[in-house]
Amino acid sequence: MAGSKLALDPATDISFLYSRSLPFHPNAMTFMASFHDGQQIAETWYSIGGGFVKKEGEESGGSTSAQLPFPINIADDLLHWCRKTGMSIHEIVMENEAVVAPETATRKGVLDICRSCGSVTYRGCHSEGMLPGGLNVKRRAAALNKEADRRETI
């Protein structure tokens, strides 16, 4: 099917099932394509945090059931470990990440996210017109950015 063109009408061909949650992680999407010959192809993808996504069934170099040195489920858990060990937040997080990925890969991933955030922020602060999505919401960031720049020069 690679390279084939498919007819797609988003209004009728895309269904969002907001009330359903997938078992592995609530931030998930299943993409399913149904073809005229009856064939169907489906893939489920999970947003696993930090800007990373994982395809269902795909090995990620680490195990989702790995024993973390500092288990964290809520923000208070992170604060607990910081107080108990004297380590900073980033040190605790890096120790946990080291269980599932080498430090170099984690650092590269974080830098990629930072670059992407910077690029998106810059574009947002310098783009005028309407936001995408069809709701006709006027972009405001560029005007606010210009006003902030004007105030700094006064």
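A residue is called buried here when its relative accessible area is under 20%, and the legends below use that word for a model that is predicted.

**View 1. The aromatic pair formed by F70 and W81.** The structure holds 1 aromatic pair. Its members are F70 and W81, whose ring centres lie 5.3 Å apart and whose planes meet at 65°, so the pair is edge-to-face. F70 belongs to the loop between β3 (52–55) and α2 (75–85), whereas W81 sits in helix α2, so the contact between the rings ties together parts that are 11 residues apart in sequence. In the sense defined above, F70 and W81 are both buried.

**View 2. A nonpolar patch on the surface that includes I14.** The side chains shown are those of L8, I14, F16, Y18, M29 and F31, which form a nonpolar patch on the surface and together have about 720 Å² of accessible area. One of these residues, I14, is placed in the loop between α1 (10–13) and β1 (28–34). The relative accessibility of I14 is 39%, and I14 therefore counts as partly exposed.

**View 3. N27 in the loop between α1 and β1, with its contacts.** N27 lies in the loop between α1 and β1, and N27 counts as partly exposed because its relative accessibility is 46%. When residues up to four places away in sequence are not counted, N27 touches W45, Y46 and S47. The view also takes in G49, which is 22 residues from N27 along the chain, with a separation of 9.0 Å between the C-alpha atoms of N27 and G49.

**View 4. T106 of helix α4 and the residues it touches.** T106 is found in helix α4, where its relative accessibility of 9% means that T106 counts as buried. With residues up to four places away in sequence set aside, the residues that T106 touches are M94, E97 and A101.

**View 5. The salt bridge between D112 and K108 in helix α4.** Side chains of opposite charge can pair when their charged atoms come close. Here the side chains of D112 and K108 meet in a salt bridge, with a distance of 2.7 Å from N to O. Both residues, D112 and K108, lie in helix α4 and are 4 residues apart, about one turn of the helix. D112 has a relative accessible area of 33% and is therefore partly exposed, while K108, with a relative accessible area of 52%, is exposed. The pair is also part of a wider arrangement, since K108, D112 and R115 are linked in a network of salt bridges.

**View 6. E147 and its two arginine partners, R150 and R151, in helix α5.** R150 forms a salt bridge with E147 in which the closest N and O atoms are 2.7 Å apart, and E147 forms a salt bridge with R151 in which the closest N and O atoms are 3.0 Å apart. R150 and E147 both lie in helix α5 at a spacing of 3 residues, about one turn of the helix. E147 and R151 are 4 residues apart in helix α5, so they are separated by about one helical turn. E147 is partly exposed, with a relative accessible area of 28%, and R150 is likewise partly exposed, with a relative accessible area of 42%. R151 counts as exposed, at 57% relative accessibility. The count for the structure comes to 7 salt bridges, among them those of E147 with R150 and with R151.

**View 7. S127 and N136 in the loop between α4 and α5.** S127 lies in the loop between α4 (103–126) and α5 (141–153), and its side chain reaches the backbone oxygen of R123 at 2.6 Å. Leaving aside neighbours within four places in sequence, S127 is in contact with R139 and A142. N136 is also found in the loop between α4 and α5, and its relative accessibility of 60% means that N136 counts as exposed. Most residues other than glycine have a negative phi. For N136, however, phi is near 55°, a positive value in a residue other than glycine.

How values were computed
Residues are numbered from 1 along each chain as its sequence is written. This is a predicted model: local features need pLDDT of at least 70, side-chain atom pairs count only at pLDDT 80 or more; totals for chains, interfaces and linings use all residues. Side-chain values use heavy atoms; hydrogens and water are left out. Patches are made of residues with over 30% relative accessible area and no salt bridge: like charges are joined within 9 Å, nonpolar side chains (Val, Leu, Ile, Met, Phe, Trp, Tyr) within 5 Å. Accessible areas come from the Shrake-Rupley method with a 1.4 Å probe; for residues, only the protein chains shown count as cover. A salt bridge is a side-chain nitrogen of Lys or Arg within 4 Å of a carboxyl oxygen of Asp or Glu. Buried means under 20% relative accessible area, exposed over 50%, partly exposed in between (1.4 Å probe, protein chains only). Rings of Phe, Tyr and Trp (its six-membered ring) pair if their centres lie within 6.5 Å; planes under 30 degrees apart count as stacked, over 60 as edge-to-face and the rest as tilted. A polar contact is a pair of N or O atoms within 3.5 Å; within protein, one must be able to donate a hydrogen and the other to accept it, and residues adjacent in sequence count only if both atoms are side-chain atoms. Contact means heavy atoms within 4.5 Å.
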